[in-house]
Amino acid sequence: DIFLADGCRAIIAWRWKREQSLARFRMVVAGIEVANFMAINFITDETAPSWLPIGFGHSLPLHTANVVSLVVWSLAVYFELAQIGGYMCAGLGRRYFRSGRHWFDSLVVVMTGAVSIAILFKDVAQETAFCTVFGVLVFFKWSRFLVYLRQIKAIGIQILPITQTMWDMGPFLLVFCLYFMASVNMLYTLNTGHGFTECFMQVYQLVVLGNADSSELANTDAPQMMVDPLTGVVRLSDPPEAPNLYIVRFMLIFVSFVIGVSLMNLFLAMLCLTYSNAHDAAHLSFLRSQLNLVLDQHAVRVGTARLFFCSRRR
């Protein structure tokens with residue numbers, strides 16, 4: 001591995017000293033974004049304080065937070081455009097567009113602009129579609145802030161093994177999803193009366209939560225209330241058995257053993273092994289991460305210089 005060479009480490013450390021200030025600034029901007037969107041979330045969800053004038057509501061705090069959001073968003077758009085320009089000028093456009101991290105950053109920037117503009121021009125804070133997009137965006141903001149925190153060595157060495165382990169578990173999760181969907185489809189074909197979504201949730205409770213009832217899976221009818229004509233006592237009759245109850249019980253045993261026991265325990269074993277390997281290579285992962293940060297910040301500088309150079313020529 002080239003990152004084991006002392007010369008490579010020295011070059012990365014030398015370049016990092018030059019780009020560290022810009023990287024720290026972008027980390028602070030990402031933190032401000034998270035805090036500001038949390039403020040917007042509280043403002044739109046909580047009732048207005050009683051000391052505010054009638055009709056004042058949340059308009060001023062919401063507009064203030066939204067203006068901050070638009071200012072920070074404009075800065076983020078500039079950084080992304082300058083970064084793209086820097087990669088393109090250096091002939092590394094393919095490297096930029098092949099990186100999922102860059103696509104994720106661009107998606108967050110686009111969603112941030114859409115949400116901020118929607119709040120500015122239309123009262124959409126209580127609409128379901130807006131709340132869904134806003135919730136996803138806040139989740140992305142926190143994830144993006146976590147990515148920026150990796151530049152701090154004491155934090156990055158602890159974060160990178162976790163994120164690397166999550167990525168390395170992708171093939172196993174694919175196999176798990178195939179078995180899971182096969183089980184959902186098997187339950188759905190038994191004509192239990194459950195829809196596909198209900199079958200999905202039933203199998204999820206069985207496999208992940210370990211909570212399942214064969215009568216509920218088979219959609220057994222509820223017991224009937226009966227009144228004793230002699231004593232007048234109300235009793236519950238035994239629920240009638242579903243025609244496919246025993247088939248569903250066999251499926252429950254099979255799925256709970258194959259997926260709930262075998263695959264889940266195998267998942268935990270692979271998780272421990274993958275994290276152990278990632279933890280041993282944490283310093284190399286940190287160097288790769290630091291190199292990516294250096295390239296990003298250098299691309300911003302190159303893109304900014306090219307932008308100002310073109311402006312002066314005009």
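These legends accompany close-up views of a predicted model.

**View 1. The whole chain combines 11 helices with two strands.** Along the sequence the order is α-α-α-α-α-α-α-α-α-β-β-α-α. The chain has 314 residues, and 36% of them count as buried. About 19200 Å² is exposed. Carbon and sulfur atoms supply 68% of that area. Contacts between residues at least 6 apart in sequence were also sorted by separation: 71% join residues at least 24 apart.

**View 2. The largest cavity holds about 100 Å³ of space.** The chain has two cavities of 30 Å³ or more. Helices H2 (59-89), H4 (100-121), H5 (128-149) and H11 (282-313) each give two or more residues to the lining of the largest one. The lining includes Glu 80, Gln 83, Arg 101 and Asp 105. Arg 144, Val 147, Tyr 148 and Arg 150 also belong to the lining. Leu 293, Asp 296 and Gln 297 line this cavity too, as does Arg 26. By class, the lining has seven charged, three nonpolar and two polar residues.

**View 3. The second largest cavity holds about 70 Å³ of space.** Helix H1 (6-45), H2 and H5 each supply at least two lining residues. H1 gives the most, with four. Among the lining residues are Arg 26, Val 29, Ala 30 and Glu 33. Ala 76, Phe 79 and Glu 80 line the cavity as well, together with Arg 144 and Tyr 148. The lining divides into five nonpolar and four charged residues, with no polar ones.

**View 4. Arg 26, Glu 80, Arg 144 and Tyr 148 appear in the linings of both cavities.** In the largest cavity, they line the space along with residues such as Asp 105 and Asp 296. In the second largest cavity, their companions include Val 29 and Phe 79. H2 and H5 each give two or more residues to the lining of the largest cavity. Both helices also supply at least two residues to the lining of the second largest.

**View 5. Gly 31 sits in helix H1.** Is Gly 31 buried, partly exposed or exposed? Its relative accessible area is 22%, so Gly 31 counts as partly exposed. The cut-off for buried is under 20%. Lys 141 lies 110 residues away from Gly 31 along the chain. The C-alpha atoms of Gly 31 and Lys 141 are separated by 8.7 Å.

Key. Residues numbered from 1 in each chain as written. Predicted model: local features only at pLDDT ≥ 70, side-chain atom pairs only at ≥ 80, totals over all residues. Heavy atoms only, no water. Buried < 20%, exposed > 50% of the residue type's maximum accessible area, 1.4 Å probe, protein only. Contact = heavy atoms within 4.5 Å. Areas by Shrake-Rupley, 256 points an atom, 1.4 Å probe, with all protein chains shown as cover. 1 Å grid on protein atoms, 1.4 Å probe; cavity = no way out; pocket = protein on both sides within 12 Å on 5 of 7 lines; lining within 4 Å. Points joined across faces, edges and corners; volume = space filled by probe spheres on them. Nonpolar A, V, L, I, M, F, W, Y, C, P; charged D, E, K, R; others polar.
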